[in-house]
2 protein chains.
Amino acid sequence: MALFKDIHSDLKTVEKEINRYIGAEEPVLTKASGHLLRAGGKRIRPAFALLAGKFYHYDLEKLIPLAVALEVIHMASLVHDDVVDASVTRRGRPTVKSKWGNRISLHTGDFLLGRSLVLISQYEDQRISRVLSRVSVEMCQGEIQQISASFDADQRFRDYLYRIKRKTALLISASCELGAVATGAPEGLTRALTRYGYHLGMAFQITDDILDLVSNEKVLGKPVGGDLRQGIITLPVIYALEHTREKERLRELVTRQDKSAEEVKETIRLIKESGAIDYAFEISQKYLEKAKKELEKLPDVKTKKTFARIAKYIGERQY
Amino acid sequence: MALFKDIHSDLKTVEKEINRYIGAEEPVLTKASGHLLRAGGKRIRPAFALLAGKFYHYDLEKLIPLAVALEVIHMASLVHDDVVDASVTRRGRPTVKSKWGNRISLHTGDFLLGRSLVLISQYEDQRISRVLSRVSVEMCQGEIQQISASFDADQRFRDYLYRIKRKTALLISASCELGAVATGAPEGLTRALTRYGYHLGMAFQITDDILDLVSNEKVLGKPVGGDLRQGIITLPVIYALEHTREKERLRELVTRQDKSAEEVKETIRLIKESGAIDYAFEISQKYLEKAKKELEKLPDVKTKKTFARIAKYIGERQY
């Protein structure tokens, strides 16, 4: 990603370390973890940690265990999502679950989570373990709420915010926070980076949720409307349920468990016609504004421009 | 348990803390965790931590977070075992999985593991986080190896030891070790307690594996021969496969995936006739001897006798 060019070679080092670190005594575990790793991904969490580290005494050695742990925690949550999801592909490749089955996927996720916590337990500053274990707990709560609230047309804006905070924003926020902590940054600086990451993460997830409705299968690497099929009620859906002229029909479609391809199409059409996409886009812009406001508190290092560009990029992702 | 009478009231405090600590914002999570907690269990891991703490400057306040974390990590592993197991009951009650389904069970396990790591990240001594995150990784590797080796009649004694070390002995060993660490015990004392816990844990699991073959449903809270049905090849089976006079028949039975009740009975009969139970009992006794040897290195506090009695009790569990 061009946005990460300042840390390009350091990210490569992180990638190698991830690869080395997920090896296990059990060959099937190494294979399952490696399969997931090779499926790619943007490595945005390690990137944010390294970039945050640039605001103080940047030291790659000190940042590597954290950067690796962040990506591995993220991977662990993906494997566990796949265990419970129906989807057989992720990022265009077969999921760990579809290749190795539920039992292996479950333990692979546990293994990866455990490995990441071993890594960060090597830091002297307990704050890193503390923040990441807390985030992992919140991530579970987000997943559970998502399950409880699936196909529920009565949820509100704040239920959605609760969920995406836990599913996405907290780990991105922690990436920024701990990148600062690992380099010994002072409290004020760390706080601004934490908040930048949080607001950016919220905008990132809202954008993702919009793309799931308006993008295409080729770009997404999975069919459009995946959230609708799984019953995940995202921001545009919540808005549309209130503002569409066909309230009853949309409600019926949203709460239907086995939607046909035609019904998914119709649902997306009703959502778009309600103005929900523009609305969600505005909310995402508000979060990006808040993220940029935090940047004003940061010292004028080169990375500050990179962080501003990242915020801009998220606001301009193609719909 | 009469063996734990010295710490009876402290264990009650721990029990209350566990109950308080597994509460979550998501009601279903609190219910699922609470269900598991109320299913009971011997709480041997917290008990070992408290008892180990008695050898130095015993301080319940300092031991509580550790004791809670140990039981909660154990609970997390049970929930995840139930996700992948076919059994619908545990300790005579419906499993979390059979009541709430796979998805909730999966995230409940993740939640519990995360919560326990949050708890221990509060200790200043990083060793506690380090040891427990490592143990949780090894527990996964044990589970994975169990899956890979299921219904495999060609495994050896050392495969079995690798597995039970990870499934059981390491967490019991860590309970003793960290009970000492949490009270600031010196290295020599801590090491002896760690080894005591390890050898005792090995004996404990071997005994469990024997009981699965020779006990009865009422005592076990589950049908006899559960391991055989699941394809888990335990020490008596490994011995019997080599020493029975009906090698081919036993091999055929052990590797058969869907054994009838009659076939399970026949398998158990062949195992018993081979002398495998006595052999496994002897191995367990050897571990108990090693555990007792470690006790000799400990100071003469009252708990030393308790530890000796625990070792004796495990050696005498009813067959």
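**Close-up views of a two-chain predicted model**

At 0% relative accessibility, B:Tyr196 counts as buried. The model shown in these views is predicted.

**View 1. B:Tyr196 meets B:Phe48 edge-to-face.** The two rings form an aromatic pair, 6.5 Å centre to centre. Their planes stand 65 degrees apart. B:Phe48 belongs to helix α3 (residues 44-53) of chain B, while B:Tyr196 belongs to helix α8 (residues 187-214) of chain B, so the pair ties together parts 148 residues apart in sequence. B:Phe48 has a relative accessible area of 3% and is therefore buried. B:Tyr196, at 0%, is buried too.

**View 2. B:Ser175 sits in helix α7 of chain B.** Its relative accessibility is 0%, so B:Ser175 counts as buried. Which residues does B:Ser175 contact, leaving aside its neighbours within four places in sequence? They are B:Arg45, B:Phe48, B:Ala49 and B:Leu70. One of them, B:Phe48, is the ring that pairs with B:Tyr196 in View 1.

**View 3. Aromatic pairs in the structure number ten over all chains.** This close-up shows a stacked pair, A:Tyr196 and A:Phe307. Their centres are 4.4 Å apart. The angle between the planes is 25 degrees. A:Tyr196 lies in helix α8 (residues 187-214) of chain A, and A:Phe307 in helix α15 (residues 302-316) of chain A. The pair links distant parts of the chain, 111 residues apart. Are A:Tyr196 and A:Phe307 buried or exposed? Both are buried.

**View 4. Four rings of chain A form a cluster.** Its members are A:Phe48, A:Phe55, A:Tyr196 and A:Phe307, linked by ring pairs. The stacked pair of View 3, A:Tyr196 with A:Phe307, supplies one of the links.

**View 5. An arginine sits over a tyrosine ring in chain A.** The charged end of A:Arg115 is 4.0 Å from the ring centre of A:Tyr21.

**View 6. An arginine sits over a tyrosine ring in chain B.** Here B:Arg166 places its charged end over the ring of B:Tyr162. The distance to the ring centre is 3.7 Å.

**View 7. Chain B meets chain A.** On the side of chain B, 45 residues are in contact with 45 residues of chain A. How much area is buried between chain B and chain A? The value is about 3900 Å². Carbon and sulfur atoms give 63% of that area. In chain B, the residues that lose the most area to chain A are B:Arg103, B:His107 and B:Ile144. Together they account for 16% of what that side buries.

**View 8. Polar contacts and helices at the interface of chain B and chain A.** Five residue pairs are in polar contact between the chains, both residues at pLDDT 80 or more. The rule finds zero salt bridges across the interface. Which helices of chain B each supply at least two residues of the side that touches chain A? They are α2 (27-38), α4 (60-84), α5 (96-120), α6 (126-148) and α7 (157-182). The largest share comes from α6(B), with 15 residues.

**View 9. A:Ala2 lies in the segment before α1 (8-21) of chain A.** With 66% relative accessibility, A:Ala2 counts as exposed. A:Gly225 is 223 residues away along the chain. The C-alpha atoms of A:Ala2 and A:Gly225 are separated by 29 Å.

Conventions:
Residues are numbered from 1 along each chain as its sequence is written. Chains are lettered from A and ligands numbered from 1 in the order in which they are written. This is a predicted model: local features need pLDDT of at least 70, side-chain atom pairs count only at pLDDT 80 or more; totals for chains, interfaces and linings use all residues. Side-chain values use heavy atoms; hydrogens and water are left out. Rings of Phe, Tyr and Trp (its six-membered ring) pair if their centres lie within 6.5 Å; planes under 30 degrees apart count as stacked, over 60 as edge-to-face and the rest as tilted. Helices (H or I, at least four residues) and strands (E, at least two) are DSSP runs, numbered from the N terminus. Buried means under 20% relative accessible area, exposed over 50%, partly exposed in between (1.4 Å probe, protein chains only). A charge sits over a ring if NZ of Lys or CZ of Arg is within 6 Å of the ring centre and within 35 degrees of the ring normal. Contact means heavy atoms within 4.5 Å. Buried area is the accessible area (1.4 Å probe) that two parts lose on being put together, summed over both. A salt bridge is a side-chain nitrogen of Lys or Arg within 4 Å of a carboxyl oxygen of Asp or Glu. A polar contact is a pair of N or O atoms within 3.5 Å; within protein, one must be able to donate a hydrogen and the other to accept it, and residues adjacent in sequence count only if both atoms are side-chain atoms.
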